[in-house]
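Work through the exercises below with the sequence and the model open. Each task is followed by a solution in steps.

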Amino acid sequence: MVRPSQPVLDAVGTLARVGLAAVWLVSGALKLADPGQTLIAVKAYDVLPDALANVVAIALPLVELVLGLFLLAGLATRWVAGAALVLLLVLIAGIVQSWARGLSIDCGCFGGGGQVAAGQTEYPQEILRDSGFALLAVWLLARPWTRLSLDGWLARGRGNSTEPAHDYSGIAEGN
Amino acid sequence: MAQARGASGDKRKWIIGIGAVVVVAALVIGGVIWTISDKNKTEGQIINPGQTTSSLAGDVTQKRDGVVVTVGKAGAKASIDVYADFLCPICGQFEKTYKTDVEQAINDGKLQVRYHMVPLLNDRSDPPGYSLDSANAALAAADAGKFLQFHDALFANQPEEGKRGYDKAQLIKLGQDVGITDPAFSQTVNAGTYDQQINAAFQQIENDPKLAQDFGNGQSGFGTPTVTANGKIVSWQDPGWLAKVTG
């Protein structure tokens, strides 16, 4: 067994962080760009009363963008990864319930969404994709220290100038 | 030295933290304001009546019969039925593409069109209800002989699905702008006089096997827009459909 070296793990974590940031930024921006379509997509899941669906349709794109920005900056990585994981699980649960109930909808994960013809649902693909994103979040939750992150930059300022740059033991505790 | 760096590091952390909170708060507030204003952009707007159908020939009649409006000249040989919802984007597409040709055929006395207003997407506006309100208002406009002008203006200024439609006051204003002077018009719009009839007709339409289309994958059903000629569904995606109908 060869234990992967610290720089390799850091590189993987950095890729996971930037990748997950891109996912949230893109999906949030696409949803924000078309609020009407987002509302229809939220309503199509048919779990929320109209008033609440409206609030979710406004809040969801913004929450996604905020998660994306934090991940991109690498700020409070562990907390944000945890929040991202929770949100992904909620979204997957939403897709699963519409699959189980036999609704025919498009998840609206990256804009669009709403009802589709019965033969055009892509539930397994959507769940698989979101599960992949969830794995990135799990990695960052378990090992949040990455390169080029504000977390790392802040941790370096903590006073131990002899520490190597990539040792983020400080934030591992702090976060 | 180590202590000094530690102190400045803490300060840095605070500044970053506060900066992040400010940026996030601004983003969220800005996002909420933008979203709501974009969804409500039809609010207070005047629907442009346009010049779209000012060229209708003098002997073209617009007659309401129940919830169907027949537009055309007496003695036109061909006739079609158009089932559409004022909120439906593809219906808007259909109107954009073929309105001129259809209205030309009406003017030439070749074609009568029976317009059915179908509130299929009634819960797809925010607040819900635009499909039904606009359908009712269009029938009221037909009573005043201004159906097609009203119809064309609504499609030319079509609101988006999932967003705010037009309210009754805006529909009434449009009616006045296309030349309706009868005070009964605004009463009919406000009272939703034809709502029940429209909904009842919609139920029949939805369950009519002759209006069901095949969506592929063994699925079929009613969708908007649907165009029929002689009781058969016309595939209007074919650019030559109108010529075939009018012969």
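**Exercise 1: a salt bridge between helices**

A:K31 and A:E64 are both buried, where buried means under 20% relative accessible area, exposed over 50% and partly exposed in between (1.4 Å probe, protein chains only). This is a predicted model, in which local features need pLDDT of at least 70, side-chain atom pairs count only at pLDDT 80 or more, and totals for chains, interfaces and linings use all residues. Residues are numbered from 1 along each chain as its sequence is written, chains are lettered from A and ligands numbered from 1 in the order in which they are written, and side-chain values use heavy atoms, with hydrogens and water left out.

Task: state how the side chains of A:K31 and A:E64 meet.

Step 1. They form a salt bridge, with 3.0 Å from N to O. The term stands for a side-chain nitrogen of Lys or Arg within 4 Å of a carboxyl oxygen of Asp or Glu.

Step 2. A:K31 belongs to helix α1 (residues 6–33) of chain A and A:E64 to helix α3 of chain A, so the pair ties together parts that are 33 residues apart in sequence. Helices (H or I, at least four residues) and strands (E, at least two) are DSSP runs, numbered from the N terminus.

Step 3. Over all chains, the structure holds 18 salt bridges.

**Exercise 2: salt bridges of chain B**

Task: find the salt-bridge partner of B:D81, then that of B:D38.

Step 1. B:D81 pairs with B:R114, and their closest N and O atoms are 2.9 Å apart. B:D81 lies in strand β3 (residues 78–84) of chain B and B:R114 in strand β4 (residues 111–117) of chain B, so this bridge also links parts 33 residues apart in sequence.

Step 2. B:D81 is buried at 12% relative accessible area, while B:R114 is partly exposed at 30%.

Step 3. B:D38 pairs with B:K41 at 3.5 Å between the closest N and O atoms. B:D38 counts as buried, at 13%, and B:K41 as partly exposed, at 42%.

Step 4. B:D38 and B:K41 belong to a network of salt bridges that also links A:D34, B:E160 and B:K163.

**Exercise 3: the two largest pockets**

Task: describe the lining of the largest pocket, then that of the second largest pocket.

Step 1. On a 1 Å grid over the protein atoms alone, a pocket is an open set of points where a 1.4 Å probe fits, with protein on both sides within 12 Å along at least five of seven lines; lining residues have an atom within 4 Å of a point.

Step 2. The largest pocket holds about 980 Å³ of space. It has 30 lining residues, and A:Q115, B:L120, B:F215, B:F222 and B:G223 are the closest to its centre. β6(B) gives the most to this lining, with 3 residues.

Step 3. By class, this lining has 13 nonpolar, 13 polar and 4 charged residues.

Step 4. The second largest pocket holds about 370 Å³. Among its 21 lining residues, A:V42, A:Y45, A:V56, A:L60 and A:L91 lie nearest the centre. α4(A) gives the most here, with 6 residues.

Step 5. The lining of the second largest pocket divides into 13 nonpolar, 6 polar and 2 charged residues.

Definitions and conventions:
Points joined across faces, edges and corners; volume = space filled by probe spheres on them. Nonpolar A, V, L, I, M, F, W, Y, C, P; charged D, E, K, R; others polar.
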